[in-house]
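Okay, thanks for coming, everyone. Let me put the model up and then I'll talk you through it.

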Amino acid sequence: MTINYKLMKEPISETVTCIKKTQSGTTAILMIPLLEGNTDYQEYLAWVAEGNEPEPADE
Amino acid sequence: MSRARDNANLSPTIPDARMPNLTGDVTTVEGAVATTIANDAVDSQHYAAGSIDGEHIANDAVDSQHYAAGSIDNEHLADDAVGTDELANDVVINTSGAITTTGTATFSGDLVPSTPLSHRNMIINGAMQICQRATTTAPTPKGADDNGYYMADRWRLQSGGTTPARYNLIQVNSGLAGLPKAHQVDCTTTASPPGSDDYIILTQRIEGFNLQQVEFGYPTAKPITLSFWAKGTAGTYVVELYDGYNSLAACQQFTVTTSWQRFEATFPARTSGGVVNDASNGLEVNFWLLAGAAFGGGTYAANTWRTHTNINRAVGISNSGAGVAESTSHEFFFTGVQLELGSNATPFEHRSYGDELARCQRYYWRLVDKSESHPVGDGHYYWSDQIRGTIRFPVTMRDGPTIEQSSVSDNWRIYRNGDQDRFEDFTLRAASRYGLSWYCNSNVSGTAGHAGHVESTDGTGYLAFNAEL
């Protein structure tokens, strides 16, 4: 299973407001808020802590 | 004269049926008569019915010193002999046993129970009625590395290790009166024997806010009782309470047959290790269906809080830990899950469907479920190539949720200015527990300032909001 995270930059504020998650084997797209209580965000932080890097936001 | 001779002479001098003459003629001196009347000498044949009544017994003459413990029992009391007139106010029935009646109990005063009469069940969707995501995972069974929520609301599959085992999770008709739905785990790929670090668990994570009544960590801590119905291919499994904050766990084995049984397990009060009081994971109820040696190779201690050690978590699962994964013909069913205060399992607490759904929606809300032209809300063109909108949740969610959606081209559209504009997904701008704002700046074209309403197109996609634990 391949997991991919991409930072999403909101065009007005030009700040990252969520993280887009996709993974092989499923057609689901997740838009994850940067909130500590959100368990998807916690999984993302754990994924980063393992040495992984998200795809940068589009410029 | 010896006392024996007194007794021998006295008894014959009292003729039968002459006891009424004793009234007023015999002066009883404390201790004197008691030693001169043989046991059973004065029985119902020696006094007329009704002759020994309230007029002949001084107040308080017969007290606990004059009858043996237990001598006044149901056989010696007529029906209704002890009524409210015979009982003092505020009488206390002092018993440590159970009180059972086949009649109706009526209280004119307040009923003050030690455990709540309503809102008892700390489990949400214990009856497996709510399935917002899907009622089956078929044709794509789940297994290793599938950690998440796939079928019944609030029931999370936790799976790990290298196991090839796969299962379909299915909502089925149970055939149980009052609990019409059940959660089935149907093995499609075996893992027997399992790898050491393999595990399959069905879990409900309980929010800390909803656990404060257990009073763990205080001297007044209360025991809690888990009850559930289960059946399946005959075998032994383990149910566990796991407190990650305090690194404590307690477990109980249970053995199912092909017939439904109700299982009960009481876990002791815990005066140390308080329950976290926030919206995070306060306690997990884990049904272990497969456990490799790393989780089942230790020692078993029923219903005992122990420091969490993986090797002790699921000891005793059948088929060397393979459990339901031993054969593709194996299956496991459960429903009616209830966790409540106290040492006794009460009948399953039925809540209304709407109430149960709202409780589930605090954690997951599916707004559009593969239905055509399903409304999402209003939107507007902020720029000519960007639309924006907001969505309010039906209940306050546990935390700001993730937007979960299917990746389907042109799955959404906005009707504006006499036409429609199709787009693929919603990107999160900001989320709170109450609602969120979204935008889309991909493949949209319109006039800044125009507004419209947003809906699904062909009914193949879905849109949901996930704040699960």
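I'll start with the contact between the chains, then move on to strands, rings and backbone.

Quick housekeeping: this is a predicted model, where local features need pLDDT of at least 70 and side-chain atom pairs count only at pLDDT 80 or more, while totals for chains, interfaces and linings use all residues. Residues are numbered from 1 along each chain as its sequence is written, chains are lettered from A and ligands numbered from 1 in the order in which they are written, and side-chain values use heavy atoms, with hydrogens and water left out.

So, the interface. With contact meaning heavy atoms within 4.5 Å, chain A puts in 22 residues and chain B 29 residues. People often give the size of an interface as the accessible area lost when the parts come together. Here, about 1900 Å² is buried between chain A and chain B, and carbon and sulfur atoms give 52% of that; buried area is the accessible area (1.4 Å probe) that two parts lose on being put together, summed over both. On the chain A side, the residues losing the most area to chain B are A:Ile12, A:Ile29 and A:Met31, together 29% of what that side buries.

What about polar contacts? Between chain A and chain B there are 13 residue pairs in polar contact, both residues at pLDDT 80 or more. The rule is a pair of N or O atoms within 3.5 Å; within protein, one must be able to donate a hydrogen and the other to accept it, and residues adjacent in sequence count only if both atoms are side-chain atoms.

Which elements of chain A are involved? Strands E1 (3–10), E2 (15–23) and E3 (28–33) and helix H1 (39–49) of chain A each supply at least two residues of the side that touches chain B. E3(A) gives the most, with six residues. Helices (H or I, at least four residues) and strands (E, at least two) are DSSP runs, numbered from the N terminus.

E3(A) also pairs with strand E17 (residues 402–406) of chain B, antiparallel, over four bridges; two strands pair if DSSP finds at least two bridges between them. A:Met31 turns up again here, with B:Ile403 as its bridge partner in E17(B).

Now salt bridges, meaning a side-chain nitrogen of Lys or Arg within 4 Å of a carboxyl oxygen of Asp or Glu. There are 21 over all chains, and three between chain A and chain B. One of them joins B:Asp425 and A:Lys20 (4.0 Å, N to O). That pair runs from the loop between strand E19 (419–423) and strand E20 (427–431) of chain B to strand E2 of chain A.

Over in chain B, strand E22 (residues 451–456) has two antiparallel partners to look at. Five bridges join E22(B) to strand E15 (residues 375–383) of chain B, with B:Gly377 opposite B:Val454. Strand E18 (residues 412–416) of chain B pairs with E22(B) over four bridges, and there B:Tyr415 partners B:His453.

Last, the backbone. Most residues other than glycine have a negative phi, and most peptide bonds are trans. A:Glu14, in the loop between E1 and E2 of chain A, has a positive phi of about 55 degrees. A cis peptide bond joins B:Ala138 and B:Pro139, omega about 10 degrees. B:Ser192 to B:Pro193 is cis too, with omega near 0 degrees.
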